[in-house]
Each structure stands twice: as structure tokens, then as C-alpha cells.
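Thanks for coming. I will go through one model today, starting at the DNA and then moving to how the protein chains meet. Please have the view open as I talk.

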Protein chains: 2
Amino acid sequence: MTDGVVERSRPRDRILETARDMFHKHGIKGVGVDAITEAAGTNKMTLYRHFESKDELIVECLRANAAKAGAMWDAFEAEFPGDKLAQLHAWVGKAAAMLNTDGRGCDMANAAAELTEPDHPARLVIKELKEAQRERLVTLCRGAGIGQAELLADTLSLLFEGARVSVQTVGAEGPSTQFVRMAEGLIVSFRGTAAG
Amino acid sequence: MTDGVVERSRPRDRILETARDMFHKHGIKGVGVDAITEAAGTNKMTLYRHFESKDELIVECLRANAAKAGAMWDAFEAEFPGDKLAQLHAWVGKAAAMLNTDGRGCDMANAAAELTEPDHPARLVIKELKEAQRERLVTLCRGAGIGQAELLADTLSLLFEGARVSVQTVGAEGPSTQFVRMAEGLIVSFRGTAAG
DNA sequence: CTAGGGTGTTACCGGTCTGTAACTTCCAGA
DNA sequence: TCTGGAAGTTACAGACCGGTAACACCCTAG
């Protein structure tokens with residue numbers, strides 16, 4: 001019941017969506033393929049007809065997460081076309097909202113914590129997405145006329161990442177409650193010393 | 001070989017130390033009790049004579065981590081007695097050094113990512129340690145004469161936490177390289193607006 | 001020397017894991 | 001209506017998981 005997502009669609013999509021949800025909630029090693037297929041209203045054979053292994057399913061889930069994250073950034077551009085500063089503030093707001101959805105942190109970071117083999121195929125996807133997100137944040141900061149755009153982007157990035165794990169360890173009432181204040185303060189501070 | 005730690009000491013200590021090391025390297029769910037006891041140069045029965053379950057072993061490992069972290073804070077006080085500002089800078093340095101030891105993040109955060117059951121006994125230990133660390137950081141900031149001590153402590157805390165997961169996802173050459181600059185900049189900035 | 005507790009050894013239990021084989025059912029398109 | 005491919009079903013392989021029982025051993029304290 002809690003892990004539903006059994007609407008009528010192609011089995012592959014249901015498996016992917018269900019796996020994403022269950023990996024997010026229970027961790028990757030905490031979910032078996034049997035549980036996924038059952039929750040997706042299908043069976044193990046069908047899963048292995050569409051994904052050659054659990055590892056490939058994991059990678060595909062992470063890619064789907066990356067796509068969703070990319071769509072979020074596009075939404076910022078669509079809402080505030082050309083106004084990078086407004087997009088930056090929108091990102092802060094969206095990030096803060098994410099902190100209060102559930103107690104689970106970033107799927108990418110969690111996956112990195114679980115999949116310790118240094119050559120696991122998922123690690124590449126994780127690194128790519130994280131670097132892409134940094135790039136987009138840098139672009140926003142630069143476009144907002146901030147001098148040390150890279151430094152601000154990295155600082156905000158670490159702050160958000162830290163806030164997500166803080167929610168996971170001490171809960172949503174911990175230091176993460178101050179995230180917006182910290183982020184906005186940093187933006188003001190960096191704009192004050194702008195070189196553009 | 002890589003997971004040695006089989007020196008001659010009481011079996012319980014060897015098990016605890018070996019488990020700590022292996023949990024750190026391979027994750028909690030990535031290591032079985034058989035592998036631990038073998039690496040510790042003992043056997044499963046001996047493990048279950050000293051720990052009533054794997055979960056209790058996990059908790060005990062986290063407690064040992066907490067104790068080690070506590071010792072680190074005490075070392076700051078011992079090295080710079082009474083000088084909270086110097087201790088704060090020492091913490092920044094120590095934190096930065098930790099980022100370059102290995103690619104694995106904080107054991108507590110990783111454990112929180114893996115142990116998703118909300119009432120898992122380990123979650124309590126994790127929360128306690130994280131709150132204790134925040135408390136100590138706040139004390140340092142307050143003792144250093146910083147007005148908004150809580151806010152600075154929380155900011156530094158999130159920054160460090162974020163840096164550790166960043167190392168785990170994109171590697172040590174990512175945004176975490178700027179950690180010291182960010183932290184020191186924040187300290188300067190907060191001291192500038194000190195309220196006495 | 002002896003007694004006893006900590007330790008090591010072997011075998012096992014029931015369960016779960018990823019992954020596969022062989023077969024049946026269903027359904028859409030020609 | 002026929003056909004081919006996608007999906008479902010059942011059973012299984014082989015490995016590993018956490019945890020336990022029964023018993024042999026060794027070393028030290030008395």
C-alpha cells in the first residue's frame with residue numbers, strides 16, 4: 001500500500017518508478033528485486049527482460065532522478081527567463097522545500113554511501129549529475145552578477161548538501177531550519193563584494 | 001589483508017575495531033558478520049557471546065566513533081586552553097584534514113542513509129552525537145565572542161557535513177576544496193558583526 | 001592438579017538474495 | 001482468424017544472510 005505506483009502503464013515504466021520510490025525510502029541494499037516487482041504489480045522475469053541486472057536498474061533509476069533534477073532547473077529558467085538572480089532565489093526556495101518533504105536525503109548521496117565499490121557503474125552517474133548541478137548553480141551565480149560566482153555556488157552547494165544529511169541525522173528541526181537564512185545571507189554578502 | 005586489525009588483544013575489542021573499519025569502508029549492509037569475525041581472527045560464536053545481535057554491534061561501533069570524536073574536541077581544549085577562537089580554527093583545520101583522508105564520508109551520516117527503519121536503535125546514537133557536536137561547536141563560537149554563535153555554528157556544521165558528502169560523490173577535487181576558505185571567511189564575517 | 005570460563009570448531013536452521021529455465025497466457029496487428 | 005511477441009507463472013539454482021546448538025579445547029586461578 002505505501003509502495004503503490006501500480007497504475008496502468010508499461011511494465012518497464014512501473015518497475016522503474018516503483019524502484020525509484022522504494023530505493024529512496026528504504027535504501028538500495030534494503031530493497032530486493034522481488035519486492036520491487038511485486039509492488040510494481042509484475043514479476044521478476046519481466047524485470048530481467050528489461051534490465052540486465054539490479055545494478056543496471058539502479059543506474060537507470062539514478063538517471064531518471066538526474067532527468068527530474070534537470071527539469072527543475074529548466075522550470076526556473078521558464079519562470080524567470082533571463083533573470084538569473086530570481087532563478088537563484090527560486091533555487092534556494094526549492095531547496096528549502098525539499099528539506100521538509102521527507103526525512104530522506106539526496107538519493108545520489110545515499111547511493112554513494114551504499115555503493116562502496118569504487119568502480120560501480122552508478123558512481124559515474126552520481127558524479128556526472130553532481131557536476132552538472134554545480135555547473136548550473138555557477139551559471140546562475142555568474143549570471144546574477146556575482147564576482148566570486150564559483151565560490152558562492154560551491155558554498156551554497158555544500159550548504160544544501162549538508163542540510164539534507166542533517167535532516168537525515170538529527171531531523172528537520174536541526175540546523176537545516178536555518179538554511180534559507182544562511183543562503184540568502186550569503187547571496188547578499190557576495191553581491192556586496194561583486195566585481196561586475 | 002586490507003581489513004586486518006588482528007593484533008593480539010581481547011576478541012571483543014578486535015571484533016569492535018574490525019567492524020568499525022569494515023563498516024566504514026564497505027557500508028553496514030555491505031558487510032556480514034562472518035566477514036567481520038574472519039577479519040578479526042575469531043569466529044561467529046565469539047561475536048554473539050559479546051554482542052547480542054548485529055544491530056547491537058552496529059550501535060556499539062557508532063558509540064566508539066562518538067567517543068573518538070569526543071576525544072578530538074578534548075584535544076582542542078587541551079592544546080588551546082581557554083582560547084575558544086583558536087580551538088575554532090583548530091576545528092576548521094581538523095575538519096579539512098578529514099576531507100582528504102579517504103573518499104568515505106561521515107560514518108554517522110552513512111549509517112543514517114543505510115538504516116532506514118525509523119526506530120532503529122542506531123538512529124538514537126546518531127542523533128545524540130550530532131547534537132553533541134553542534135553543542136560543542138556553538139560553545140566554541142560563543143566563547144570566541146561571536147554574536148550569532150548558533151547561526152555560525154550551524155552554518156559551519158552544514159558546510160562540513162556537505163563537504164563530506166561532496167567528497168563521497170564527486171571526489172576530493174570538487175567543491176570541498178574550498179571548505180577552509182569558506183569556513184574562515186564565515187568566521188571573519190561573523191566576528192565583524194559581533195555583538196560583544 | 002583441577003575446575004571452570006573464555007574461546008575455537010563444525011554443522012546447521014530458516015530465510016533472503018540475485019538471477020535463470022521452461023512454460024503458459026494474453027493481446028494487438030496483419 | 002491467425003500469429004508473434006510481450007508479459008505472467010512456477011520452480012529452481014547457488015550463494016549469502018543472521019543466528020544457534022553442541023562440543024572440544026586451552027589457559028589461568030585456586
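By class, the protein surface near DNA strand C is made of six nonpolar, six polar and five charged residues. Before I go further, please note that this is a predicted model.

In total, 17 residues surround DNA strand C. The closest are A:Lys44, A:Tyr48 and A:Lys54 from chain A, together with B:Thr42 and B:Arg49 from chain B. Of the atoms of DNA strand C that come within 4 Å of the protein, sugar and phosphate account for 40%.

Which elements supply this surface? From chain A, helix H2 (33-39) and helix H3 (44-50) each give at least two residues to the surface near DNA strand C. From chain B, helix H1 (11-26) and helix H3 (44-50) each do so as well. H3(B) gives the most, with four residues.

Now some individual distances to the phosphates of DNA strand C. For A:Lys54, a backbone N or O atom lies 2.8 Å from a phosphate oxygen of the strand. In chain B, a polar side-chain atom of B:His50 is placed 2.9 Å from a phosphate oxygen of DNA strand C. For B:Thr46, an N or O atom in the side chain is 3.1 Å from a phosphate oxygen of that strand.

Next, DNA strand D. It is surrounded by 17 residues, and the closest are A:Thr42, A:Asn43, A:Arg49, B:Lys44 and B:Tyr48. Here sugar and phosphate make up 50% of the strand's atoms that come within 4 Å of the protein.

The surface near DNA strand D divides into six nonpolar, seven polar and four charged residues. Helix H1 (11-26) and H3 of chain A, together with H3 of chain B, each supply at least two of its residues. Which helix gives the most to the surface near DNA strand D? H3(A) does, with four residues.

Three side chains can be picked out at DNA strand D. An N or O atom in the side chain of A:Thr42 is 2.5 Å from a phosphate oxygen of DNA strand D. The side chain of B:Lys54 has an N or O atom 2.7 Å from a phosphate oxygen of DNA strand D. With A:Arg49 the partner is a base oxygen of DNA strand D, 2.6 Å from an N or O atom in the side chain.

Let me step back to the protein itself. Chain A has nine helices and zero strands. Along the principal axes, the C-alpha atoms of chain A fill a box of roughly 60 × 35 × 35 Å.

How do the two chains meet? In this model, 39 residues of chain B are in contact with 39 residues of chain A. The area buried between chain B and chain A is about 3000 Å², and carbon and sulfur atoms give 70% of that. How many salt bridges cross this interface? The rule finds zero between chain B and chain A. As for polar contacts, four residue pairs are counted between the two chains, both residues being at pLDDT 80 or more.

On the side of chain B that touches chain A, the elements giving two or more residues are H1, helix H6 (107-114), helix H7 (121-143), helix H8 (149-169) and helix H9 (179-192) of chain B. H8(B) gives the most to that side, with 12 residues. By class, the residues of this side are 14 nonpolar, 13 polar and 12 charged.

Last, the relation between the two copies. Chain B superposes on chain A by a rotation of 180° with 0.0 Å of shift along the axis, at an RMSD of 0.1 Å. The two copies are therefore related as by a two-fold rotation axis. Which residue of chain B comes closest to the rotation axis? That is B:Gly162, whose C-alpha is at 1.8 Å. Of the interface residues of chain B, 100% are also interface residues in chain A, so the copies meet through the same surface.

That is the end of my part.

Definitions and conventions:
Residues numbered from 1 in each chain as written. Chains lettered and ligands numbered in written order. Heavy atoms only, no water. Near = heavy atom within 4 Å. Polar contact = N/O pair within 3.5 Å; in protein donor to acceptor, adjacent residues only side chain to side chain. Nonpolar A, V, L, I, M, F, W, Y, C, P; charged D, E, K, R; others polar. Contact = heavy atoms within 4.5 Å. Buried area = accessible area lost by both parts, 1.4 Å probe. Salt bridge = Lys/Arg side-chain N within 4 Å of Asp/Glu carboxyl O. Least-squares fit on C-alpha atoms with pLDDT ≥ 70 in both.
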